[in-house]
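Biologist: Could you take me through this model label by label, and tell me in each case what the label rests on?

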Amino acid sequence: MSPKVSIVATDSHRDPGPRPGADVTFLPLADDDGIPVYDESTPDLIQELQAAGAAVDTWHPARECEFVSSRGLVTDALLQIGVGIGSSAGWYALQTLLRRRGGQVRVVAIFDDGVQRRRAEVTGEAADVVEALEKLDPFSSEPS
């Protein structure tokens with residue numbers, strides 16, 4: 001089954017997105033009364049990407065964040081990742097990380113070329129999500 005893909009251009013540069021100097025910036029999945037909420041897998045994913053040589057962090061300082069597991073039968077089976085992509089290294093590191101995963105994945109990636117900010121959301125089996133991300137590659141010098 002094909003992954004669900006959505007790409008939207010946005011004017012909002014006030015919202016969290018790529019952080020200058022970071023290849024990948026993990027973004028909160030929600031806000032709970034002013035406290036940014038990240039998926040509990042985020043610290044492990046950060047370590048995995050850092051071990052691969054990527055500059056990675058959360059948008060908010062870790063001491064200000066809440067890391068929680070998803071709730072419910074549907075969300076428990078779905079790895080959810082929200083990231084700001086600041087470089088091609090981050091884009092490709094994210095794909096490498098997902099290639100080692102199985103099951104359902106939802107990726108929300110925000111990337112900024114200095115002129116326009118875009119938000120891509122891809123949901124599906126991990127391998128299908130990687131394939132969709134390869135086709136969406138905002139860092140490719142050739143049109144796809």
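Modeller: Let me begin with burial: a residue counts as buried when its relative accessible area is under 20%, as exposed when it is over 50%, and as partly exposed in between, using a 1.4 Å probe and protein chains only. Please keep in mind that this is a predicted model, in which local features need pLDDT of at least 70 and side-chain atom pairs count only at pLDDT 80 or more, while totals for chains, interfaces and linings use all residues. Residues are numbered from 1 along each chain as its sequence is written, and side-chain values rest on heavy atoms, with hydrogens and water left out.

Biologist: Why, then, is Phe111 called buried?

Modeller: The relative accessible area of Phe111 is 4%, and since the limit for burial is under 20%, the label follows. By the same rule, 41% of the 144 residues of the chain count as buried.

Biologist: How do you know how many helices and strands there are?

Modeller: They are DSSP runs, numbered from the N terminus, where a helix is H or I over at least four residues and a strand is E over at least two. On that basis the chain has 4 helices and 9 strands, which follow one another from the N terminus as β-β-β-β-α-β-β-α-β-α-β-β-α.

Biologist: What makes two rings a pair, and how many aromatic pairs are there?

Modeller: Rings of Phe, Tyr and Trp (for Trp the six-membered ring) pair if their centres lie within 6.5 Å; planes under 30 degrees apart are stacked, over 60 edge-to-face, and the rest tilted. The count by this rule is 3 aromatic pairs. In one of them, the ring centres of Tyr38 and Phe67 are 5.7 Å apart and the planes stand at 35 degrees, so the pair is tilted. Because Tyr38 is in strand β4 (residues 35–39) and Phe67 in strand β6 (residues 66–68), this pair ties together parts that are 29 residues apart in sequence.

Biologist: Are Tyr38 and Phe67 buried or exposed?

Modeller: Tyr38 has 1% relative accessibility and therefore counts as buried, whereas Phe67, with a relative accessible area of 30%, is partly exposed.

Biologist: Why is the pair of Trp91 and Phe111 called edge-to-face?

Modeller: Their centres are 5.5 Å apart and their planes meet at 75 degrees, so the pair falls in the edge-to-face class. It links distant parts of the chain, with Trp91 in helix α3 and Phe111 in strand β8 (residues 104–112), 20 residues apart. Trp91 is itself buried, at a relative accessible area of 0%, and ring pairs link Trp91, Phe111 and Phe139 into a cluster.

Biologist: How is helix α3 oriented against helix α4, and how do you know?

Modeller: Axes are lines fitted to C-alpha atoms, for helices over the stretch in contact, and angles between N-to-C directions run from 0 to 180 degrees. The axes of α3 (residues 88–99) and α4 (residues 126–136) come within 9 Å and cross at roughly 160 degrees. That makes α3 roughly antiparallel to α4, since angles over 145 degrees carry that name (under 35 is roughly parallel, 65 to 115 roughly perpendicular, the rest oblique).

Biologist: What makes the contact between α3 and α4, residue by residue?

Modeller: Contact means heavy atoms within 4.5 Å. Trp91, Leu94, Gln95, Leu98 and Arg99 of α3 meet Ala126, Val129, Val130, Leu133, Glu134 and Leu136 of α4. By class there are 8 nonpolar, 1 polar and 2 charged residues, where Ala, Val, Leu, Ile, Met, Phe, Trp, Tyr, Cys and Pro are nonpolar, Asp, Glu, Lys and Arg charged, and the others, Gly among them, polar.

Biologist: Why is Arg99 called partly exposed?

Modeller: Its relative accessible area is 47%, which lies between the two limits and therefore fits the middle class. Leaving out residues up to four places away in sequence, Arg99 touches Val130 and Glu134.

Biologist: And what about Val56, is it buried or exposed?

Modeller: Val56, in strand β5 (residues 56–58), has a relative accessible area of 9% and is buried. Beyond its neighbours within four places in sequence, Val56 is in contact with Val24, Phe26, Ile46, Leu49 and Gln50.

Biologist: Finally, what is noted about the phi of Asp33?

Modeller: Asp33 has a positive phi of about 55 degrees although it is not a glycine. Asp33 sits in the loop between β3 (30–32) and β4, and at 78% relative accessibility it counts as exposed.
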